[in-house]
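Trainee: I am new to this structure and would like a close look at a single part of it. Could you take one helix and walk me slowly through how it sits among its surroundings?

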Amino acid sequence: MATEKNSDAAETSLRTLIVDDEPLAVERMQVICASLEAIAVVGTANDGAAALRLIEALSPDLVLLDMTMPELDGLSVARALSKMDVKPAIIFVTAHDSFAVEAFDCDAVDYVLKPVTPERLKRAIERAIDRRGSEGTKESEWLAELWVPHRSELLRIEVAQVSRIDAERDYVRLHVGTDDAAQDVSSRSYLLLQTIAGLEKRLDPGEFIRIHRSTILRRDAIRGLRHDGLGVWSAELADGEALRIGRTYLSKVKAMAGR
């Protein structure tokens with residue numbers, strides 16, 4: 001019976017390839033993976049070129065991919081895989097939190113920061129399994145989630161939770177709505193290394209509208225428009241705050257209101 005159970009588990013596990021240029025990191029990942037029934041390690045690679053060869057030979061379901069490797073780095077490997085008809089899911093495993101935007105442009109399932117814990121990797125693998133179960137459904141061309149550095153890990157933010165986006169030099173600040181009045185401001189806003197113009201292109205224009213060179217709002221967060229005189233208009237938010245609308249964006253905002 002135990003043999004049958006182990007056989008069934010192996011058949012349903014994600015066949016996984018570990019890619020990292022540091023042998024100790026590969027060894028640690030193998031130890032963690034051995035404790036997780038949802039995956040079965042089928043091979044390891046120490047550089048990007050070897051990873052691509054093994055992926056072609058082994059057809060794994062999942063690749064645990066280091067970001068920074070000499071010559072062919074993790075992003076290059078992921079971009080090469082994106083051209084495959086049948087490609088494995090990718091979970092980036094890295095010591096750097098500054099590549100999250102690029103990682104999810106490559107359709108990564110998750111972005112796990114080192115040092116990796118079994119609990120964090122397990123959550124990432126559960127996301128890979130969920131995505132595998134939803135294969136065949138049409139994906140939207142617009143962003144559905146963002147990953148932002150928060151304390152010692154990356155936090156998943158659903159775009160549907162974001163009410164406002166402000167530009168702060170090379171960053172944007174995401175304001176996330178909450179029903180918990182006890183939460184402080186820092187727990188409801190997050191910095192992401194991304195320009196506001198770049199992020200605007202990836203947001204559903206049916207859900208978000210840019211009202212100023214420094215501000216994007218969720219459309220349903222706007223309670224009304226106010227004329228302040230001399231051609232100056234403001235957008236009034238549900239909490240009573242009024243944000244000035246830039247002249248460049250005024251016609252589009254008025255069109256939203258049927259004006």
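Mentor: In this predicted model, helix α2 takes in residues 23-34, twelve residues in total, and the distance from its first C-alpha to its last is 17 Å, which is close to the 16 Å expected at 1.5 Å a residue. Turning to its side chains, the buried residues of α2 are Ala25, Val26, Met29, Ile32 and Cys33. When the helix α2 is viewed down its axis, these buried residues fall within an arc of 125 degrees, so they line one face of the helix. It helps to recall that an α-helix has 3.6 residues a turn, so residues three or four places apart point the same way. On the other side of α2, by contrast, Pro23, Leu24, Val31 and Ala34 are exposed.

As for what lies over the buried residues of α2, the cover includes the strands β1 (14-19), β2 (39-45), β3 (62-66) and β4 (89-94), together with the helix α6 (118-133).

Two aspartates let us follow these surroundings further. Asp20 is found in the loop between β1 and α2, and, with a relative accessibility of 5%, Asp20 counts as buried because the cut-off for that word is under 20%. Setting aside neighbours within four places in sequence, Asp20 is in contact with Ala25 and Val26, both of which are among the buried residues of α2, and also with Ala45, Asn46, Asp66, Met69 and Lys114. The C-alpha atom of Asp20 is separated by 8.5 Å from that of Gly48, although the two residues are 28 residues apart along the chain.

The second aspartate, Asp66, lies in strand β3, which is one of the elements covering the buried residues of α2. Asp66 also counts as buried, at 3% relative accessibility. Again leaving aside neighbours within four places in sequence, Asp66 is in contact with Val19, Asp20, Asp21, Gly74, Val93, Thr94 and Lys114. Lys114 therefore appears in both lists, as a contact of Asp20 and as a contact of Asp66, while the two aspartates are also in contact with each other.

Technical notes
Residues are numbered from 1 along each chain as its sequence is written. This is a predicted model: local features need pLDDT of at least 70, side-chain atom pairs count only at pLDDT 80 or more; totals for chains, interfaces and linings use all residues. Side-chain values use heavy atoms; hydrogens and water are left out. Helices (H or I, at least four residues) and strands (E, at least two) are DSSP runs, numbered from the N terminus. The expected span of a helix is 1.5 Å times one less than its number of residues. Buried means under 20% relative accessible area, exposed over 50%, partly exposed in between (1.4 Å probe, protein chains only). The arc is that of the directions from the helix axis to the C-beta atoms. Contact means heavy atoms within 4.5 Å.
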